[in-house]
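Visitor: I'd like to learn how to read the contacts between parts of a protein. Could you walk me through some?

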Amino acid sequence: MTAVINFDQVTKVFPQKRGAHVALDGVSLEIQQGEIFGIIGYSGAGKSTLVRLINRLESATTGTVSVFGRPVRELSGRETRALRSRIGMIFQQFNLFESRSVSSNVEYPLILAGWDKKRRRERVAELLDFVGIAEKSRAYPSELSGGQKQRVGIARALATKPEILLADEATSALDPETTSDVLRLLERVNDELGVTIVVITHEMHVVRSIADRVAVMDAGKIVESGMVYDVFSSPKTETTRRFLSTVLTDIPSDDVLEVLKTRYPGRLFILPVRDNGETSGLLSAAAKQFGVAVAVVFGGITELQGRPFGTLTIEVTGKTADVEAFADHLNVVATVEEVVR
Amino acid sequence: MKLEFDRLIALLVTALGQTLYMVAATVVIAGLLGLVVGILLFTTRRGGILHNVWVYTVLNIVVNIVRPIPFIILVFAIGPVTRAVVGTTLGVNAAVFVMCVAATFGISRIVEQNLVATDPGVIEAAKAMGAGPLRIIWSVLIPEALGPLILGYTFVMVAIVDMSAMVGAIGGGGLGSFALEYGYQRYDWTVTFVTVVVIIAIVQLAQLLGNALSRKALRR
């Protein structure tokens, strides 16, 4: 694996009328060739600024951003434009040229890159076919739905066969069904064309469905990063936990806990379910080893990056001593939270 | 009486020709100059693709000085300049020069306003694809703003017809002179009335044409 994008202690400050706005505050990260890297954060966290440093739509105030092994700061105007033709970009609002037809939009970067007319026409046909919108080639953007517009955006961004694709909130303006279509398309771009994708989003399900690795941003800093499964399964910051709660509904909220407490008189425990089989082992041991009864009262198990993932809330009933022994055992072998009554 | 009528019609046709010439020449010359100045105003402002504080400040001040001067006063005020450039302050060409000066600055603001209204995201997309500033101006900015630009130019054209009538007062020729000399000064209301109808017809035609073109550009 080689890093195609490298941030080393990057800071970006926007001067303002009074004082200054620190959009990025000492960010270091590495994005590997061929991966889908998610950057998640609330609006204003600095993620849009971060992605714009990669193709030099913005310049770092301090620190070094390197792309394809070269610090972008060293590039001349011509070299910057050459770099940009190796990096595609798609946008939340699609940013299609309203005055141009679909095929003319896709053709535009090819004209910039100096392709001749015949090759341009072939490439446009090929791209529209790839994104599944060939029948709309003569239409104008105003005649397209949001999902179709983003497909055109993707085709246009891929025209010059870039090695990197930057997706800036690319699905945030789309409905859920269209979002998953576009995400599937991005996966194909990654799988079939080997394009490294940087996905900027405030939606956890986007990261969950396509990213290999993720960085969580808050107030200009990366507060957590790593493999999606690892970050999801052991969140270390409050920001990450808040994002997780938007996609994981298996952890009972305070209201639900109140209901559970009145309905189930036994002791309640919340157990994480991971792919190490720990939880199922505990549950099967419960009856056999400790003679207690276990009932699942809340929770769910889903799949994350092809591995089981979830949380169960269980009620344990039995003789007080047996339940006590089981509770001790639980705490020793797993990260378990007991519901306080 | 019959002879007088024929003579007036001939004069009206000549005046109409002069007006059309003045308007057309001004629309073309001031249209291009105003487009350039307007584009510079938009692109050199803070955050623009040709960001340049000095160019922007100077242009902005010049436009703000020239534009508020009432046209009829501008005509006299730049008389020496007109004489230096055209060789005279009378006649159709002198009128075209003065009208160009006034219209260029008016058009530049209209162009600037319409460009400001274009989606900055589209400019960013073009930049991200590796387009340079000049390329963005002619292949993105102008096409994207074309519909509103045509409407803006149509609006200006009506103002230019108005100016062309006004220069008639100072010997510029055209329909303005005609209405003054043969209508107003000879108390012939019919002549004045007919001239007004002709001017209205020109304006209506210009507006219809502008609307049709902009609709085509906007594809609505």
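Visitor: How many residues of domain 1 of chain A are in contact with domain 2 of chain A, and how many does domain 2 put in?

Guide: Keep in mind that this is a predicted model. Seven residues of domain 1 of chain A touch nine residues of domain 2 of chain A. The domain assignment puts domain 1 at 3–244 and domain 2 at 254–339. Their centres, taken over C-alpha atoms, are 41 Å apart.

Visitor: What area is buried between domain 1 and domain 2 of chain A?

Guide: The general idea first: interface size is often quoted as the accessible area lost when the parts come together. Here, domain 1 and domain 2 of chain A bury about 760 Å² between them, with 53% of that from carbon and sulfur atoms. On the domain 1 side, A:R208, A:Y229 and A:S233 supply 75% of the area buried against domain 2, more than any other three residues.

Visitor: And the polar side of things: how many salt bridges and how many residue pairs in polar contact are there between these two domains?

Guide: For salt bridges, the rule finds zero across the interface of domain 1 and domain 2 of chain A. Polar contacts are another story: seven residue pairs between the two domains count, both residues being at pLDDT 80 or more. Helix α8 (residues 228–233) of chain A gives the largest share of the domain 1 side, four residues. By class, that side of domain 1 has four nonpolar, one polar and two charged residues.

Visitor: Let's move on to the two chains. How many residues does each of chain A and chain B bring to the contact?

Guide: Chain A brings 21 residues and chain B brings 18. Read the area as before: chain A and chain B bury about 1700 Å² between them, and 56% of it lies on carbon and sulfur atoms.

Visitor: Which residues form a salt bridge between chain A and chain B?

Guide: The rule finds one salt bridge across that interface. A:R52 pairs with B:E124, and their closest N and O atoms are 2.5 Å apart. You'll also find seven residue pairs in polar contact between chain A and chain B, both residues at pLDDT 80 or more.

Visitor: Which element gives the most to the side of chain A that touches chain B?

Guide: On that side, α2 (77–84), β6 (87–91) and α3 (102–112) of chain A each supply at least two residues. α3(A) gives the most, with four residues. Sorted by class, the residues of chain A's side facing chain B split into eleven nonpolar, four polar and six charged.

Methods:
Residues are numbered from 1 along each chain as its sequence is written. Chains are lettered from A and ligands numbered from 1 in the order in which they are written. This is a predicted model: local features need pLDDT of at least 70, side-chain atom pairs count only at pLDDT 80 or more; totals for chains, interfaces and linings use all residues. Side-chain values use heavy atoms; hydrogens and water are left out. Domain bounds come from an automatic or database domain assignment. Contact means heavy atoms within 4.5 Å. Buried area is the accessible area (1.4 Å probe) that two parts lose on being put together, summed over both. A salt bridge is a side-chain nitrogen of Lys or Arg within 4 Å of a carboxyl oxygen of Asp or Glu. A polar contact is a pair of N or O atoms within 3.5 Å; within protein, one must be able to donate a hydrogen and the other to accept it, and residues adjacent in sequence count only if both atoms are side-chain atoms. Ala, Val, Leu, Ile, Met, Phe, Trp, Tyr, Cys and Pro count as nonpolar, Asp, Glu, Lys and Arg as charged, and the others, Gly among them, as polar.
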